[in-house]
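Thanks for asking me to look this one over. Here are my notes, set out point by point so you can follow along on screen.

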Amino acid sequence: MSAEFTIIKNGPVKITGKFVLTGSDGKHLSVEGEEVHLCRCGGSKNKPFCDGSHQSNGFKG
Ligand code: FES
């Protein structure tokens with residue numbers, strides 16, 4: 001398994017490659033394809049995934 005993590009300016013972290021995403025309950029989260037964007041701003045209504053809310057909530061990071 002090999003994955004690349006990219007921090008997107010003022011946005012999510014993008015993960016690409018081969019990976020398994022495990023939730024806080026220990027269960028694997030299903031991810032379609034080989035790319036996922038995880039929320040860093042805390043504003044997503046679909047955590048842990050980015051839903052684009054960072055574009056309107058003023059997140060800087
Ligand atoms: S980083 Fe995109 S919704 Fe939080």
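1. In which sense do β2 and β5 pair, and over how many bridges? Please keep in mind that this is a predicted model. The pairing of β2 with β5 is antiparallel and runs over 4 bridges. To find one of these strands' contacts by eye, start at Thr16, whose bridge partner in β5 is Glu35.

2. Now step back to the whole sheet. It is open, has 3 strands in the order β1-β2-β5, and its pairing is antiparallel. β1 and β5 are the edge strands; each has a single partner strand, so one side of each has no neighbour in the sheet. From one strand to the next, the twist averages 20°.

3. It is worth turning β5 around to look at both of its faces. Val36 and Leu38 make up the covered face of β5, while Glu35 and His37 belong to the uncovered one. Glu35 is thus a handy landmark, as the residue of β5 that bridges to Thr16.

4. Next, have a look at Asn10, which sits in the loop between β1 (3–7) and β2 (13–17). Its phi is near 55°, a positive value in a residue other than glycine. That deserves a second glance because most residues other than glycine have a negative phi. Is Asn10 buried, exposed or partly exposed? Asn10 is partly exposed, as its relative accessible area is 24%.

5. The loop residue Asn10 also leads us to His54, which is found in the segment after β5. Which residues does His54 touch, leaving aside those up to four places away in sequence? The contacts of His54 are Asn10, Gly11, Pro12, Cys41 and Phe59. With a relative accessible area of 14%, His54 counts as buried, because the cut-off for that is under 20%.

6. One last thing to check is the backbone at Pro48, a residue in the segment after β5 (35–38). The peptide bond that joins Lys47 and Pro48 is cis, with omega about 10°. This is a good spot to pause, because most peptide bonds are trans.

How values were computed: Residues numbered from 1 in each chain as written. Predicted model: local features only at pLDDT ≥ 70, side-chain atom pairs only at ≥ 80, totals over all residues. Heavy atoms only, no water. Helix = DSSP H or I, 4+ residues; strand = E, 2+ residues; numbered from the N terminus. Buried < 20%, exposed > 50% of the residue type's maximum accessible area, 1.4 Å probe, protein only. Pairing = 2+ DSSP bridges. Axes fitted to C-alpha atoms, helices over the stretch in contact; angles between N-to-C directions. Contact = heavy atoms within 4.5 Å.
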